[in-house]
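Dear colleague,

I am passing on a structure that may be new to you, and I would be glad if you could look it over together with the notes below.

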Amino acid sequence: MAHFAKIESGVVTEVIVAEQAHVDTLSGTWVQTSYNGSIRKNFAGKGYTYDTDKDAFIAPKPYASWTLNNTTCKWESPVAFPTDGKSYEWDENTTSWKEIS
């Protein structure tokens with residue numbers, strides 16, 4: 001069994017677990033995905049886009065200030081996440097990480 005994403009107009013609309021033989025009987029465009037990112041960079045989720053040129057699934061952009069890393073196809077903040085072991089959340093208004101108390 002494997003995971004497959006249904007792609008409609010470049011967007012993932014459904015993810016299923018099935019045998020390739022079953023997927024071959026379905027209508028529409030189905031692309032295999034993998035939990036560990038061993039194929040197509042990231043595991044597909046509903047609402048993700050499928051970039052055929054990169055052969056990658058890309059999550060929706062979380063914040064306007066973030067940019068796509070073209071190697072990993074993951075969104076990155078303009079400021080690195082702090083590594084001091086504390087909890088943080090992104091503040092788009094200040095484009096910085098704010099400590100969660």
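The notes that follow concern the salt bridges and the residues that form them.

Please keep in mind that this is a predicted model. The structure holds four salt bridges, and three of them are described here, among them one that joins two loops.

That pair consists of Asp55 and Arg40, whose closest N and O atoms are 2.9 Å apart. Asp55 sits in the loop between strand S4 (49-51) and strand S5 (56-58), while Arg40 belongs to the loop between strand S3 (29-33) and S4, so the salt bridge ties together parts that are 15 residues apart in sequence. As for accessibility, Asp55 is partly exposed, its relative accessible area being 33%, and Arg40 also counts as partly exposed, at 23% relative accessibility.

A further salt bridge brings together the side chains of Lys54 and Asp51, with a distance of 3.7 Å from N to O. Lys54 counts as partly exposed at 31% relative accessibility, and Asp51, with a relative accessible area of 21%, is partly exposed as well.

The side chains of Glu8 and Lys6 also meet in a salt bridge, for which the N to O distance is 3.7 Å. Is each of these two residues buried or partly exposed? Glu8 is partly exposed, with a relative accessible area of 39%, whereas Lys6 has a relative accessible area of 18% and is therefore buried, since buried means under 20%.

With kind regards

Methods. Residues numbered from 1 in each chain as written. Predicted model: local features only at pLDDT ≥ 70, side-chain atom pairs only at ≥ 80, totals over all residues. Heavy atoms only, no water. Buried < 20%, exposed > 50% of the residue type's maximum accessible area, 1.4 Å probe, protein only. Helix = DSSP H or I, 4+ residues; strand = E, 2+ residues; numbered from the N terminus.
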